Amino acid sequence: MEKSNLTPEQSINVILNAIDQTRERAERNAHRPFLVWGYATIITTLAVWYAIDATLNAHYFFLWFALPVLGCIGMKISFRREGKGEAKTHIERVINHLWMILGIAGGIAALTSWMGGINILYVEALLMACGTAITGLVLRWRTVTLAGVASILLTPLFAVVEGIDRLPVFAALFVVMMVIPGHIIAYKLKRE
Amino acid sequence: MLKELNPLLHSELRLGIMSMLVSVDSADFVYLRTNTGATAGNLSVQIDKLQKAGYITVEKGFNGKMPRTTCRITDAGREAFREYVERIKEYLKI
């Protein structure tokens with residue numbers, strides 16, 4: 001690839017090709033966190049719901065601890081090295097930091113809920129829906145933005161539904177918020 | 001009169017490396033090798049030249065047990081790239 005007598009046209013082509021390749025690779029896996037965390041949340045939520053509904057034993061709330069484990073394992077498998085190296089874009093860094101902050105806020109809300117007084121499923125759903133909408137806006141993915149906004153608008157359902165029945169509502173919100181847009185983006189990227 | 005192009009950037013491989021780094025926060029050696037199609041030896045030499053010019057920083061570390069070299073463009077590199085593109089635009093009258 002080493003040449004020293006580039007024409008200005010060749011230089012522009014080298015620059016445009018390099019920028020295109022980078023953008024393409026950066027966007028290629030962007031749907032995966034939505035699918036991984038969406039499915040991990042749905043599986044964990046339904047497991048907690050089923051276990052408590054079937055046994056009436058509140059100890060099964062500890063099943064929530066499976067969520068970060070499932071999510072982390074899923075992310076590890078999903079982003080295992082493909083031998084083609086890694087590049088992080090500025091936007092990816094912003095999105096990673098956004099979800100890190102939301103994750104910490106969600107963790108603190110979960111710990112606070114042990115002391116009582118807050119509707120944890122409402123708070124978590126609202127935080128994650130805001131994260132989804134912001135991610136969609138930053139990445140200019142209309143589907144993700146709409147999914148996030150739709151989820152925000154659906155969160156008042158937690159005021160209508162009571163007790164353990166909030167769990168399937170929570171799982172359904174994650175279908176709208178993460179799983180459906182994740183699959184739509186995956187389909188679009190595959191088609192491109 | 002048209003100004004001379006920066007000779008350090010006016011090479012296909014070095015320009016390719018800089019163009020990739022200008023559009024990302026960081027990229028590792030394997031990524032640059034895959035996307036430029038260069039050999040590891042040639043890429044190392046060109047990265048070294050860009051680093052010595054202060055256009056990029058190179059950080060050596062590990063990803064698990066595998067060694068990993070991460071490259072980032074510096075402010076000086078970004079400015080040199082911007083100037084290079086400006087001069088190319090002058091040449092092409094765009």
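This report walks through the interface between chains A and B, and then two backbone oddities in chain A, in a predicted model.

## How much surface is involved

Let's start with the headcount: chain B brings 32 residues to the contact, and chain A brings 26. Together the two chains bury about 2700 Å² between them, with carbon and sulfur atoms giving 59% of that area. On the chain B side, three residues stand out: B:Glu12, B:Asp25 and B:Tyr31 supply 24% of the area that chain B buries against chain A, more than any other three residues.

## Salt bridge and polar contacts

B:Asp25 turns up again here. Its partner in a salt bridge is A:Arg93, and the closest N and O atoms are 3.3 Å apart. Across the interface of chain B and chain A, one salt bridge is found. As for polar contacts, five residue pairs across the interface make them, with both residues at pLDDT 80 or more.

## What chain B puts forward

Which parts of chain B each supply at least two residues of the side that touches chain A? They are helix H1 (12-22), strand E1 (26-28), helix H2 (29-36), helix H3 (40-52) and helix H4 (75-92). H1(B) gives the largest share of that side, with eight residues.

By residue type, the side of chain B that touches chain A has 14 nonpolar, 12 polar and six charged residues.

## A strand pairing across the chains

The two chains also meet through strands. Strand E1 of chain A (residues 87-88) is joined to E1(B) by two bridges, and these strands run antiparallel. Within this pairing, A:Lys88 stands opposite B:Ser26 in E1(B).

## Two unusual backbone angles in chain A

Now for the backbone. Most residues other than glycine have a negative phi. A:Leu56 is not a glycine, yet its phi is positive, at about 55°. You'll find A:Leu56 in the loop between helix H2 (32-55) and helix H3 (66-78) of chain A. Is A:Leu56 buried or exposed? A:Leu56 counts as exposed, because its relative accessibility is 75% and the cut-off for exposed is over 50%.

A:Arg140 is the other case: its phi is near 60°, again a positive value in a residue other than glycine. A:Arg140 lies in the loop between helix H5 (120-139) and helix H6 (142-154) of chain A. With a relative accessibility of 76%, A:Arg140 counts as exposed too.

Technical notes. Residues numbered from 1 in each chain as written. Chains lettered and ligands numbered in written order. Predicted model: local features only at pLDDT ≥ 70, side-chain atom pairs only at ≥ 80, totals over all residues. Heavy atoms only, no water. Contact = heavy atoms within 4.5 Å. Buried area = accessible area lost by both parts, 1.4 Å probe. Salt bridge = Lys/Arg side-chain N within 4 Å of Asp/Glu carboxyl O. Polar contact = N/O pair within 3.5 Å; in protein donor to acceptor, adjacent residues only side chain to side chain. Helix = DSSP H or I, 4+ residues; strand = E, 2+ residues; numbered from the N terminus. Nonpolar A, V, L, I, M, F, W, Y, C, P; charged D, E, K, R; others polar. Pairing = 2+ DSSP bridges. Buried < 20%, exposed > 50% of the residue type's maximum accessible area, 1.4 Å probe, protein only.
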